[in-house]
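Q: I'd like a close look at one spot in this model, then a walk outward from there. Keep it brisk.

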Amino acid sequence: MRCSVVAVIFVFISVVCSVQSADARPTKRYDERTKMCRVISDGTLDWDSEPWGIGGIKFREVCKSCHSQNSNKGAPFVHAETYTSKGWNAFFAKRRAKCARDGSWNALKDDEVQLVNDYLFRNGNWTYNPNDADSCG
Ligand code: HEC
């Protein structure tokens, strides 16, 4: 009896620990264009910055329509891990890429672009620094 209580506690602790480490991802994103700090680990932005939220959905619907593996649109393969969190933030802040300037993003409203940015920032290649200006640090 006592042993199984210990086992339950152990399982509980290891589950809590693994959830915490999965959460060691960006929690805030500074949006250069709107000069706002977006809390992407809470409320609707939490949901929308995940693969199943608006950010992830719009990335697949719009961006991936050109940036898929065997694209015939002359676009390189792009996925969330193409850039770091910081790299994605710069990509969306500067918008130097050809597709950002030639109307390829027109299917997205401004707030949807921000949500795609949130999604890629949160799920980018892992080198997140919470003290960085990009993280509102
Ligand atoms: C209509 C097709 C199209 C859509 C939609 C599109 N892109 Fe692109 N994108 C391109 C093409 C073509 C290039 C390569 C342009 C070049 O040769 O410089 C490109 C370049 C890029 C690059 C590489 C930038 C660089 O200079 O190395 C990234 C990253 C990128 N796009 C991300 C995105 C994201 C994120 C979205 C969605 C918000 C998006 N693209 C939507 C066509 C598209």
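Does K35 count as buried or exposed, and why? After that, take me through the rest of the fold.

A: K35 counts as exposed, because 7 C-beta neighbours lie inside 10 Å. The cut-off for exposed is 12 or fewer. Keep in mind that this is a predicted model.

K35 sits in the loop between β1 (28-31) and β2. Its backbone is worth a look too. K35 has a positive phi of about 55 degrees, although it is not a glycine. Most residues other than glycine have a negative phi. R95 is another case: its phi is positive, about 50 degrees, and it is not a glycine either. R95 lies in a loop as well, between α4 and α5. The burial class is where R95 departs from K35. R95 counts as partly exposed, because 13 C-beta neighbours lie inside 10 Å.

Now follow the chain past β2. S41 is found in the loop between β2 (36-39) and α2. It is partly exposed, because 15 other C-beta atoms lie within 10 Å. Leaving aside residues up to four places away in sequence, S41 touches T27 and D46. S41 and K28 are 13 residues apart in sequence, yet 7.0 Å apart in space, C-alpha to C-alpha.

Step back to the whole chain. The protein has 6 helices and 2 strands. From the N terminus on, the order is α-β-β-α-α-α-α-α. Buried residues make up 22% of the 137 residues. Take the contacts with a separation of 6 or more: residues 24 or more positions apart account for 65% of them.

How far to trust it? The average pLDDT is 89, and 83% of the residues score at least 70. Residues 17-22 are a weak spot, with pLDDT below 50. Beyond near neighbours in sequence, that stretch has 0 contacts in the model.

Next, the ligand. Its shell holds 18 residues. The closest are C63, C66, A75, C99 and S104. By class, the shell has 11 nonpolar, 5 polar and 2 charged residues. Both α3 (54-67) and α5 (98-101) supply at least two shell residues. The largest share, 5 residues, comes from α3.

That makes α3 the next stop. This helix has 14 residues. From first C-alpha to last it reaches 18 Å, close to the 20 Å expected at 1.5 Å a residue. It is not straight: α3 bends by about 30 degrees at E61. Its buried residues are I54, G55, G56, K58, F59 and C63. C63 is therefore on two lists, buried in α3 and among the closest to the ligand, where buried takes 20 or more other C-beta atoms within 10 Å. The buried residues of α3 pack against α2 (43-48) and α6 (110-123).

So to α6, on the other side of that packing. α6 also has 14 residues. It spans 20 Å from its first C-alpha to its last, close to the 20 Å expected. The helix is mostly covered, with 10 of its 14 residues buried. The buried set is Q114, L115, V116, N117, D118, Y119, L120, F121, R122 and N123. The cover over these residues includes β1, β2, α2, α3 and α4. Both strands that flank the loop of K35 are thus in that cover, since the loop runs between β1 and β2.

One element in that cover is still to visit: α4. K86 lies in this helix, which runs over residues 85-94. K86 is partly exposed, because 19 other C-beta atoms lie within 10 Å. The buried class begins at 20. Not counting residues up to four places away in sequence, K86 touches D132 and D134. K86 and W126 are 40 residues apart in sequence and 9.8 Å apart in space, C-alpha to C-alpha.

Back to the starting point. K35 is exposed and sits in the loop between β1 and β2. Those two strands help cover the buried residues of α6. The buried residues of α3 pack against α6, and α3 gives the ligand shell its largest share.

Note on methods:
Residues numbered from 1 in each chain as written. Predicted model: local features only at pLDDT ≥ 70, side-chain atom pairs only at ≥ 80, totals over all residues. Near = placed C-beta within 6 Å. Helix = DSSP H or I, 4+ residues; strand = E, 2+ residues; numbered from the N terminus. Nonpolar A, V, L, I, M, F, W, Y, C, P; charged D, E, K, R; others polar. Expected span 1.5 Å × (residues − 1). Bend = angle between axes of the 7 residues up to and from the residue. Contact = placed C-beta atoms within 7 Å. pLDDT = per-residue confidence, 0-100.
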